[in-house]
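Please look over this protein chain. A short report on its strands, residues and overall build follows.

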Amino acid sequence: MDKLCDLLDIRPGVTALIGGGGKTTLMYHLARELRERGTVAVTTTTKIWPPTGIAVAQDPDTAREILAREGLVCLGVPSAQGKLVSPGFEGWDALADYTLVEADGSAGKPFKGHEKHEPVLPPRRSTTILVLGADGFGRPISVAAHRPALYARLAGVPENRPVTPAIAARVAAREGFHDQVFVNQVDQEEERPLARQLAERLDCPVAAGSLRSGCWEKIK
């Protein structure tokens, strides 16, 4: 099976991850794959919990030392709540060959409607990947979406309407933040055709699969 970083065509530079459905899991999976090809930094423009097994650097000198020794570093500043916030120094996006940025928060939901200040996209980015969770299909917007009132308004339907591939594609197209889409959590056979229906309605590359089971495919 192809590596997911190849399927998503991750190139040197900055990759931003937005949406819901497993952004953090995707970031760390890609980091492990890309580590075989160069140095990798993972970070956030919002907030993330400190990762397990990856050293954290708050300044560029420490980051360079960790990259030279281990090839992989997490960049961030601890907050009062224990999460890491965005790096507090200039040039953080150019320390490693590959920089993966979680640029969004979704409160663990498969889908999200974005306020005007969201997502927090790094300016120098090579690509932006919108992550969606297939396990949200068929569930009401009020349950499956972060900021459900906004999501429903973007979709043009009530909040009690179940999320369909057509609705998810409509919201993604209207927001227009992404360069490509990864449909995660395709863990059931019946979710595969739903991912394909979504892809048919989007004018961008789409991959789908399951980070949990380690299988994925390019569907558009």
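## Strand β2 and its partners

In this predicted model, Val42 of strand β2 has Cys74 in β5 as its bridge partner. β5 covers residues 72-75 and runs parallel to β2, with three bridges joining the two. Strand β8, residues 98-102, is also parallel to β2. Five bridges join β2 and β8. One pairing there sets Thr43 against Val101 in β8.

How many residues of β2 are buried? Five of its five, so the strand, residues 40-44, is mostly covered, as buried means under 20% relative accessible area. Both faces are covered. Val40, Val42 and Thr44 are buried on one side. Ala41 and Thr43 are buried on the other.

## Asn184 in strand β12

Asn184 is found in strand β12, which spans residues 180-184. Is Asn184 buried or exposed? Its relative accessible area is 5%, so Asn184 is buried.

Leaving out residues up to four places away in sequence, Asn184 touches several stretches of the chain. Gly21 and Gly22 are among its contacts. Val131, Leu132, Gly133 and Ala134 are also included. So are Gly209, Ser210 and Leu211.

## Ser142 in helix α4

Ser142 lies in helix α4, residues 141-144. Its relative accessibility is 38%, so Ser142 counts as partly exposed.

Which residues does Ser142 contact beyond its neighbours within four places in sequence? They are Pro148 and Glu159. Phe89 is 53 residues from Ser142 in sequence. In space, the two C-alpha atoms are 38 Å apart.

## The whole chain

The secondary structure comes to seven helices and 14 strands. Along its principal axes, the C-alpha trace spans about 50 × 40 × 25 Å. The radius of gyration is 17 Å. A compact globule of 220 residues would have a value near 17 Å, so the chain agrees with that rule.

Buried residues make up 53% of the 220 residues. Take the contacts between residues at least 6 apart in sequence: 67% of them join residues at least 24 apart.

## Surface and charge

The accessible surface of the chain comes to about 9,900 Å². Carbon and sulfur atoms account for 48% of that area.

The chain has 27 positive and 27 negative charges. How far apart are the mean positions of these two sets? They are 5 Å apart.

Conventions:
Residues numbered from 1 in each chain as written. Predicted model: local features only at pLDDT ≥ 70, side-chain atom pairs only at ≥ 80, totals over all residues. Heavy atoms only, no water. Helix = DSSP H or I, 4+ residues; strand = E, 2+ residues; numbered from the N terminus. Rg over C-alpha atoms; globule rule 2.2 N^0.38 Å. Buried < 20%, exposed > 50% of the residue type's maximum accessible area, 1.4 Å probe, protein only. Contact = heavy atoms within 4.5 Å. Areas by Shrake-Rupley, 256 points an atom, 1.4 Å probe, with all protein chains shown as cover. Lys, Arg positive; Asp, Glu negative; His and termini not counted. Charge placed at Lys NZ, Arg CZ, Asp CG, Glu CD. Pairing = 2+ DSSP bridges.
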